[in-house]
Amino acid sequence: MKKLAICVIAVAGLIGTPVLAADIETKAPSPPLPPPVFSWVGLYIGLNAGGAFDNKVTEEPTGLFSEFPGAPLLATSSNQSGFTGGGQIGYNWQFDNLVTGIEGDFNYVDFRDINFTVTGLPDTPFGSPSPSAPNVFDYTHPADRFFGTLRARLGYAADRVLFYATGGVAFTGRSTHTGTATFTNSAGAQFANFQGPSDSGIGFAAGGGVEYAWTNNWIIRAEYLFVDIDHHNVTLTDPVTSGGAGFSFSSTVGEQFSVVRGAISYKF
């Protein structure tokens, strides 16, 4: 009888072992879930800083003035670079890996007023008495100190990295923006005063960049923009001095420059 009880207990133990093992396996911890993919959706605001390069203004003699000896002395140009910094605000939408958005920025840029001075000029066909040496030619072109853009953005997101292209409107706050050229003799008398028309202070900006979401809220960026604010050729004429009739200067005015900058933004 005792042997029969031992056999029954042994058989029950053999039957229960797989059931217990299966129960232990069922209760084993699940593997960790993959981290969530970063979302670029939302409003952001931040600051930027960098450099602006190749802002060019040229001055070339045209019309009757180019017929007198020495006119090539007046062909000159200025190519400027400077610091730029400001702020940006924008909003992103995301569709899988595609990210679209809109961004506006307003920035300071330290371009200088452009001043050309050429001395020791030969006699000109105008002046009193004629011909008369003007001695000094001056050209002044005021520079903008601020510019802004309003741009659309389209990019591809690889989790926390975003590659994007951007383009839209560029503008400045100026109401007038014109060049002035004068001829002055050794006594300080002005022979002619050439003036050009104003431009609008509106143009376009286009470029691209890459962003990295450092945390869920802080985003850093490297960006390139080409900015063209009403860049065009104008003719400066002399509306004041009768002796300057028929003489003119071609001037390239407006801002046309490249911007390379870094930025940091906070995404809400």
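The legends below describe several close-up views of one predicted model.

Because the model is predicted, local features are reported at pLDDT of at least 70 and side-chain atom pairs count only at pLDDT 80 or more, whereas totals for chains, interfaces and linings use all residues. Residues are numbered from 1 along each chain as its sequence is written, and side-chain values use heavy atoms, with hydrogens and water left out.

**View 1. The whole chain, with its 1 helix and 12 strands.** Helices (H or I, at least four residues) and strands (E, at least two) are DSSP runs numbered from the N terminus, and the helix precedes the strands in the order α-β-β-β-β-β-β-β-β-β-β-β-β. Of the 268 residues, 39% are buried, where buried means under 20% relative accessible area, exposed over 50%, and partly exposed in between (1.4 Å probe, protein chains only). The accessible surface, from the Shrake-Rupley method with a 1.4 Å probe and, for residues, with only the protein chains shown as cover, comes to about 14000 Å², of which 66% belongs to carbon and sulfur atoms. Among contacts (heavy atoms within 4.5 Å) between residues at least 6 apart in sequence, 73% join residues at least 24 apart.

**View 2. Segments of the chain where pLDDT stays under 50, including residues 4–17.** The predictor's confidence in each residue, pLDDT, is given from 0 to 100; the chain averages 79, and 70% of the residues score at least 70. Over residues 4–17 the model has 0 contacts beyond four places in sequence, and for residues 19–24, where pLDDT also stays under 50, the model likewise has 0 such contacts.

**View 3. Strand β4 (residues 114–119) and its alternating side chains.** I114, F116 and V118 point to one face and are buried, while N115, T117 and T119 point to the other face and are not buried. In a regular strand the side chains alternate between the two faces of the sheet. Strand β4 runs antiparallel to β5 (residues 136–141), to which 6 bridges join it, two strands being paired if DSSP finds at least two bridges between them; the bridge partner of F116 in β5 is Y139.

**View 4. The largest nonpolar core, of 15 residues.** A nonpolar core is a set of buried Ala, Val, Leu, Ile, Met, Phe, Trp, Tyr and Cys residues joined through side-chain atoms within 4.5 Å. The residues with the most contacts inside this core are F137, Y139, A181, F183, F194, L236 and F249. At least two residues of the core come from each of β4, β5, β8 (180–184), β9 (190–195), β11 (218–237) and β12 (247–267). Another core, of 12 residues, lies apart from it and has A52, F111, V227 and I229 among its members.

**View 5. A salt bridge between E103 and R151.** A salt bridge is a side-chain nitrogen of Lys or Arg within 4 Å of a carboxyl oxygen of Asp or Glu, and by this rule the count comes to 9. The two side chains meet at 2.7 Å, N to O, linking strand β3 (residues 98–109), which holds E103, with strand β6 (residues 146–158), which holds R151, 48 residues apart. Both E103 and R151 are buried.

**View 6. R261 and its salt bridges with D105 and E223.** The closest N and O atoms of D105 and R261 are 3.0 Å apart; because D105 lies in strand β3 and R261 in strand β12, this pair ties together parts that are 156 residues apart in sequence. For E223 and R261 the closest N and O atoms are 2.9 Å apart, and since E223 lies in strand β11, the pair ties together parts that are 38 residues apart in sequence. E223 is buried, with a relative accessible area of 4%, and R261 is buried at 5%. A network of salt bridges links E103, D105, R151, R153, E211, R221, E223 and R261.
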